[in-house]
Amino acid sequence: PNFVADSVNKLIKWSKAQTINLKPKPGEAFGIAYNDPKKVPANEFRFDLAIKIPENFKIDSNVIEKYLPSGRYAIVMHKGSHADMENTIYALYREWLPNSGEELGDFPCIFCYHNFEHEVAETELLTEIWVLLK
């Protein structure tokens, strides 16, 4: 089963059921990867899906309110399929970070989505990868 796709559908269904339009603008939808899907069994993979909501919006028990930590981030834009994103991520962690003089902050990798597979061709997908710095 594709748990991420199931979760995406639940989030979309929840957002459409609200009294105001919560459809995220480009850069207002996020994924937070707590571990690497290639390094943990599927049942241990943790990935949050999030959308930006208005400041005083009251949420119900179907969703959890979380905040992205403030601070400095290293950000790289990935263009194309999400299946190829690991190359961009590894370049950030293995090439840029060791040569940057920066240290990782204490937060998982964040994906900031500018568009989605049902909106554009896979080759046109734009996803920022954010890494919190100390």
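Reader: How many aromatic pairs does the structure hold, and how should such a pair be read?

Author: A pair of aromatic rings is described by the distance of the centres and the angle of the planes. Rings of Phe, Tyr and Trp (for Trp, the six-membered ring) count as a pair if their centres lie within 6.5 Å, and planes under 30 degrees apart are called stacked, those over 60 edge-to-face, and the rest tilted. The structure holds six aromatic pairs. Before going further, please note that this is a predicted model, in which local features need pLDDT of at least 70 and side-chain atom pairs count only at pLDDT 80 or more, while totals for chains, interfaces and linings use all residues. Residues are numbered from 1 along each chain as its sequence is written, and side-chain values use heavy atoms, with hydrogens and water left out.

Reader: Is the pair of W14 and F57 stacked or edge-to-face?

Author: The ring centres of W14 and F57 are 6.3 Å apart and the planes stand at 85°, so this pair is edge-to-face. The pair links distant parts of the chain, since W14 belongs to helix 1 whereas F57 sits in the loop between strand 2 and strand 3, 43 residues apart; helices (H or I, at least four residues) and strands (E, at least two) are DSSP runs numbered from the N terminus. By contrast, F45 and F47 form a stacked pair, with 5.9 Å from centre to centre and 20° between the planes. Ring pairs also link F30, Y73 and W130 into a cluster.

Reader: Where are the buried residues of helix 1 placed around its axis?

Author: Buried means under 20% relative accessible area, exposed means over 50%, and partly exposed lies in between, with a 1.4 Å probe and protein chains only. In helix 1 (residues 3-16), the buried residues are L11, W14 and S15. They cover an arc of only 95° around the axis, which puts them on the same side of helix 1; the arc is taken from the directions between the helix axis and the C-beta atoms. The face turned away from that buried side carries the exposed residues K13 and K16.

Reader: Which residues touch the most other members of the largest nonpolar core?

Author: In soluble globular proteins, nonpolar side chains tend to be buried together. A nonpolar core is a set of buried Ala, Val, Leu, Ile, Met, Phe, Trp, Tyr and Cys residues joined through side-chain atoms within 4.5 Å. Of the 19 residues in the largest one, W14, I51, F111 and I129 touch the most other members. Helix 1, strand 1 (29-33), helix 2, strand 4 (109-113) and strand 5 each supply at least two residues of this core, and its largest share, four residues, comes from helix 2. Apart from it lies another core, of seven residues, among them F30, Y73, C112 and L132.

Reader: Which side chain makes a polar contact with that of T88?

Author: A polar contact is a pair of N or O atoms within 3.5 Å; within protein, one must be able to donate a hydrogen and the other to accept it, and residues adjacent in sequence count only if both atoms are side-chain atoms. T88, in helix 2 (residues 85-100), is buried with a relative accessible area of 18%, and its side chain makes such a contact with the side chain of H78 at 2.7 Å. Similarly, S81, in the loop between strand 3 (73-79) and helix 2, is buried at 11%, and a polar contact of 3.3 Å joins its side chain to that of E122.
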